[in-house]
Amino acid sequence: MGKIVEINKSKTISYKDDIIEYFEEVDSISKKEDYQNIIDKIKNAKSTVRVASTSYIDEKILDAIHENLEINAYMILKDFTKADKTVKRFDERRVAIIREVDELANNFILIDNIAYLFINPLDEEKNIPLYFDESKASDLEFVFNYYFWNRASKEKLINEISKVIESPFPPFGLRKQKCINVIKSSDEEYVSLYIPRDKKFNNILDKKTSSKYFSDDLSVPLYLNENNFTVGLFEINETFVITNSWKLKKNKLEDIDSNLEIIPRKESWLNSIKIEESREISLNEITSPSIESMENQEPYEYPREDYVNEIIYTWTVVPPHKPKNAKKSSLYNEHKVYEDKKKKWEEENEERKESLNEKKKVLSGLNKSDKKYEEKLSKLKSEIKKLEEKINQKENISKPKYELPKVGVLYETNETYFLEIKTLNELKEAKEYLKHFKENFKITV
Amino acid sequence: MKIELSKSITVKTLEFVGEVNFFEESPYIKLLEGISTQDELEKQLIEKELSPSAIKNIIQKLESIGVLLNRDIVNVQDGFPEREYGKYGLEMFENYTSLPFKFKNKEIKRESYISKNRVDSIKKDEYLIEKIYKKSKNFSDNKSFKVIKLEADKYIELTQKNANIKLHFKENMWQYSIEKKLFPMDKIELDNVFDGNWDNSFNALKIDFHRISEQEKFLISFEMSYSDNITIDGYGTFNGKFQNIPIIPKTKHDAQQWLLYLLKKEIEKKERYISTDELHYLWSNLLDAKPRLDTFDLEFDFETILHKFGKDSKYYWLLQSGIDLYPFNTGLTPKARVIIEARENINLENDFVSKFNMHNPKDFIIVDRWINRLAHFKALEQILKALGSPKITLVTQALDKNISDDDAYAIQNIIATNGIKKIEKKKKEIVHSRYWIFDNQEFYKTNNSLDVIKVDKHNIAIKEQTTFDLYNNKDLEAELMNVLGEINNG
């Protein structure tokens with residue numbers, strides 16, 4: 001039997017059947033454009049401009065409204081506080097009647113009798129505008145008027161912000177329109193769902209929808225059917241196509257082309273990856289709890305690496321070692337003290353035996369004539385008796401609690417004893433020694 | 001309305017020698033009572049059995065003192081003339097205008113008695129007598145006197161001072177006063193007082209709007225008070241005080257400016273958004289309340305009203321927003337359209353009702369927020385008559401709070417007489433569009449309220465072209481259908 005040494009182990013696990021959700025790029029053509037066309041239209045408007053915005057409004061649009069003093073400007077903003085810089089741009093020098101409508105969820109601009117519906121908020125420098133001619137713009141016009149007169153909580157009239165002033169019209173409800181209708185929420189099932197490339201919209205992907213995408217073109221979710229689509233709270237009876245998109249898919253790892261760039265749903269959506277065929281993962285050394293279990297020692301876990309078909313895990317099993325704070329056992333010292341004391345007592349007894357023999361010799365040679373015979377006899381006998389008593393007296397030295405091991409070296413901490421051995425053939429003896437131990441005891445290398 | 005015109009006139013003190021009649025109490029007054037001619041007198045005296053010589057003496061006496069003149073009894077109204085000759089001091093107002101006196105005597109004072117024989121050439125000087133004014137009363141004791149003769153050219157002007165004459169116009173009557181004494185006078189035509197600017201049909205001063213454009217009180221009350229120096233032909237120049245003078249716009253343009261001013265005030269008072277309909281309503285109400293404006297046939301013109309305010313005024317936006325953000329354009333095409341042209345003297349049956357494609361509807365519903373004044377109910381009454389008195393349900397708001405008790409009473413009378421079932425709702429609860437619904441199947445939306453029909457005694461006029469658009473009920477507002485549901489469910 002040889003020396004006890006560490007053992008190198010390995011294991012291959014397949015993850016090919018694991019199913020992941022990921023985005024796969026469909027196209028990267030963007031439909032976003034700047035506002036120049038809209039700005040030109042505003043500058044040439046004759047009558048009114050009406051803006052509905054869920055955010056503050058891009059300064060270039062506001063500049064155009066400022067430039068055309070002929071037109072009357074009206075705005076509804078979702079939040080005066082968040083759109084503060086838009087609200088502040090209007091006063092008696094350029095009046096716009098601005099109202100705050102909390103439930104506003106869409107962005108659009110009515111310029112005279114045409115309109116543009118924007119997919120994204122108007123604080124963005126580029127946007128996706130949908131043009132509505134006169135016949136369709138009237139739907140947006142009605143919705144604007146509905147929000148303005150019925151749903152506003154605050155208004156800025158010239159310079160002052162106050163509660164809205166009483167409407168000249170009786171309250172009126174929404175009506176069924178041909179092109180654009182306001183809905184309560186986008187809960188119904190759609191054919192396609194597009195969300196922005198932003199993980200905060202991730203939960204929306206849990207909705208029941210046949211096809212799901214994210215798009216760099218979007219800042220708000222978009223729900224598409226074949227002949228209509230929903231953005232914000234508008235259901236628009238028009239066909240709409242998003243070109244820039246990544247489609248959400250769900251597949252086994254082995255079925256995903258490893259040459260394909262994908263974006264796993266659960267990862268950051270900023271970077272794409274490729275599926276790996278195989279990867280080796282070197283695990284940390286594992287200290288076996290016992291010398292016997294070393295051969296079968298597995299890692300506590302096989303750490304998972306996603307997006308890899310199979311992983312080869314490698315690790316090293318090392319035998320148990322005594323802890324660094326273990327000191328050579330005090331048992332050794334106890335035994336030394338005991339042995340020393342015992343030796344000394346034995347040496348002293350030898351001396352007493354020699355003295356006893358001498359005394360006995362003297363006794364046998366004692367001359368009765370000696371006038372002091374009796375006195376000497378008595379004395380010798382007394383001394384012999386004392387010596388015999390002393391010699392026969394049981395040694396009064398306590399033994400250490402345990403014997404010292406026959407193999408290895410014994411170490412200890414406050415709680416545990418460690419018998420450090422070097423070879424496997426010492427192991428049996430070490431285990432024998434272990435049987436007598438009532439304390440915590442480990443065999444280490 | 002009060003006018004006070006004052007001017008300074010000269011009071012001259014003259015001294016003359018002449019003959020003056022002082023009118024005193026006398027038994028002759030009683031004798032001459034009821035007698036106007038010499039013949040009647042003689043007949044009376046004969047009846048009293050006076051001798052012819054006594055009668056002759058009396059006649060001669062009366063002739064000599066001027067009581068009998070050309071066989072007529074004259075000059076006894078103020079007393080029986082006692083003729084005296086002597087030296088007199090006379091205070092006399094001097095006036096060369098057409099005022100009610102040329103020269104009015106103020107006071108005569110006998111200075112001393114002078115024997116007629118001691119004056120060499122006593123003769124009548126009609127001119128002077130005329131100038132002095134023949135007959136007068138002393139301002140001090142109100143006793144009448146009459147200067148009959150002056151010794152020719154024998155008056156001396158002693159002193160000259162000023163006095164104030166005031167012409168008063170009050171309760172449609174002219175009087176003048178001098179030194180707190182009031183005298184009747186002939187009327188001066190107000191057109192002369194106001195330089196040809198008096199409107200006799202409205203009894204009001206025609207005035208340029210710009211003259212009072214800053215005077216809110218005048219513009220609202222249609223009365224003005226002011227002071228001004230005026231010159232009246234033949235009467236000279238006066239310092240005038242004019243109080244509560246009724247005023248009327250001079251021209252149609254002035255009327256329009258005036259109405260716009262009042263309308264602006266109404267708008268400012270409301271301090272809220274105003275729809276075109278409500279503005280139209282305010283416009284009509286103002287014209288109803290101000291007949292002096294209504295006479296100019298002003299046409300409602302939103303743009304003109306709007307331009308009274310600048311774009312930096314919130315009132316501009318309180319009006320314009322209702323136009324720019326008008327929410328009730330459905331874009332639907334009506335099934336049919338009835339057009340009633342603006343016209344005076346129309347016959348509602350022939351010129352109005354017959355244009356609707358129906359005969360004697362049994363059931364008639366009007367949903368209109370703006371039927372709340374007497375003029376509207378008068379028009380409704382006429383429409384009901386023309387329609388053959390169908391069962392009528394009217395959905396509208398409460399009566400205008402500013403209407404008088406009389407108007408409210410008259411409205412109640414029309415409601416009761418015509419069996420109008422009036423469903424009163426808050427203005428906000430009534431749909432904005434106006435509907436006329438016949439027999440629950442013909443739904444007409446109209447652009448004007450009932451005030452477009454002006455009922456003036458027997459003349460009925462349509463003030464503006466009015467359209468009635470016929471729609472399918474599926475195209476109507478849900479809010480309207482709710483109201484109709486309420487009506488039909490009782």
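This is a dialogue about reading the domains, sheets, helix packing and chain contact of a predicted model.

Student: Where should I begin with chain A?

Tutor: Begin with its domains, and keep in mind that the model is predicted. Chain A is divided into domain 1 (7-20 + 253-318), domain 2 (33-178) and domain 3 (336-392). Notice that domain 1 is written as two stretches of residues.

Student: What separation is there between the centres of domain 2 of chain A and domain 3 of chain A?

Tutor: Taken over C-alpha atoms, those two centres are 127 Å apart.

Student: Now the sheets, please. How do I read one?

Tutor: The general idea is that strands of a sheet pair through backbone hydrogen bonds, either parallel or antiparallel. In chain A there is an open sheet of eight strands, with the order S8-S7-S6-S3-S4-S5-S9-S10 and mixed pairing.

Student: Which strands of chain A are the edge strands?

Tutor: They are strand S8 (129-132) and strand S10 (160-163) of chain A, and each pairs on one side only. Across this sheet, neighbouring strands are turned by 15° against each other on average, direction ignored.

Student: Could you show me one pair of strands inside it?

Tutor: Take S4(A) and strand S5 (residues 96-100) of chain A, which pair in the parallel sense over five bridges. To place the pair residue by residue, find A:Ile76, whose bridge partner in S5(A) is A:Arg99.

Student: Which strands of chain A does helix H1 lie across?

Tutor: Helix H1 (residues 36-43) of chain A lies across strand S3 (48-53), strand S6 (107-111), strand S7 (114-118) and S8 of chain A. Its direction is at about 35° to S6(A).

Student: What is the strand order of the open sheet of seven strands in chain B?

Tutor: The order is S14-S22-S19-S18-S15-S16-S17, with mixed pairing. At its edges are strand S14 (336-340) and strand S17 (420-424) of chain B, each paired on one side only. Here the average turn between neighbouring strands is 20°, direction ignored.

Student: In which sense do S14(B) and strand S22 of chain B pair, parallel or antiparallel?

Tutor: S14(B) and strand S22 (residues 466-471) pair in the antiparallel sense, over five bridges. Within this pair, B:Ile340 stands opposite B:Thr466 in S22(B). A helix joins the picture too: helix H16 (residues 478-488) of chain B packs on the sheet. H16 touches strand S15 (363-367), strand S16 (391-396), S17 and strand S18 (434-438) of chain B, and its direction makes about 135° with that of S15(B).

Student: What about strand S1 of chain B?

Tutor: Strand S1 (residues 2-24) pairs in the antiparallel sense with strand S13 (residues 236-249) of chain B over five bridges, and B:Leu5 has B:Gly240 as its bridge partner in S13(B). S1(B) also runs antiparallel to strand S4 (residues 80-94) of chain B, to which 15 bridges join it. There, B:Lys12 stands opposite B:Met92 in S4(B).

Student: How should I read two helices packed together?

Tutor: Two packed helices are described by the angle between their axes and the distance between the axes. In chain B, the axes of helix H14 (residues 374-387) and helix H15 (residues 405-417) come within 9 Å and cross at roughly 20°. That angle is why H14(B) is roughly parallel to H15(B). The crossing is left-handed.

Student: Which residues of H14(B) and H15(B) meet?

Tutor: B:Leu374, B:Phe377 and B:Glu381 in H14(B) meet B:Asp407, B:Ala410, B:Ile411 and B:Ile414 in H15(B). By class, this contact has five nonpolar, no polar and two charged residues.

Student: At what angle do helix H8 and helix H9 of chain B pack?

Tutor: Helix H8 (residues 252-270) and helix H9 (residues 276-289) of chain B pack at an angle of about 125°, with their axes 10 Å apart. This angle makes H8(B) oblique to H9(B), and the crossing is right-handed. The contact is made by B:Leu259, B:Leu262, B:Leu263 and B:Glu266 of H8(B) with B:Leu282, B:Trp283 and B:Leu286 of H9(B). Its classes are six nonpolar, no polar and one charged.

Student: Finally, how many residues do chain A and chain B give to their contact?

Tutor: The contact takes 23 residues from chain A and 23 residues from chain B. On the side of chain A, the elements giving two or more residues are strand S4 (72-77) and helix H4 (134-150). H4(A) supplies the largest share of that side, six residues. The residues of chain A that touch chain B divide into 15 nonpolar, six polar and two charged.

Notes. Residues numbered from 1 in each chain as written. Chains lettered and ligands numbered in written order. Predicted model: local features only at pLDDT ≥ 70, side-chain atom pairs only at ≥ 80, totals over all residues. Domains from an automatic or database assignment. Pairing = 2+ DSSP bridges. Helix = DSSP H or I, 4+ residues; strand = E, 2+ residues; numbered from the N terminus. Axes fitted to C-alpha atoms, helices over the stretch in contact; angles between N-to-C directions. Contact = placed C-beta atoms within 7 Å. Parallel < 35°, antiparallel > 145°, perpendicular 65-115°, else oblique. Left-handed = near helix turned anticlockwise from the far one by under 90°. Nonpolar A, V, L, I, M, F, W, Y, C, P; charged D, E, K, R; others polar.
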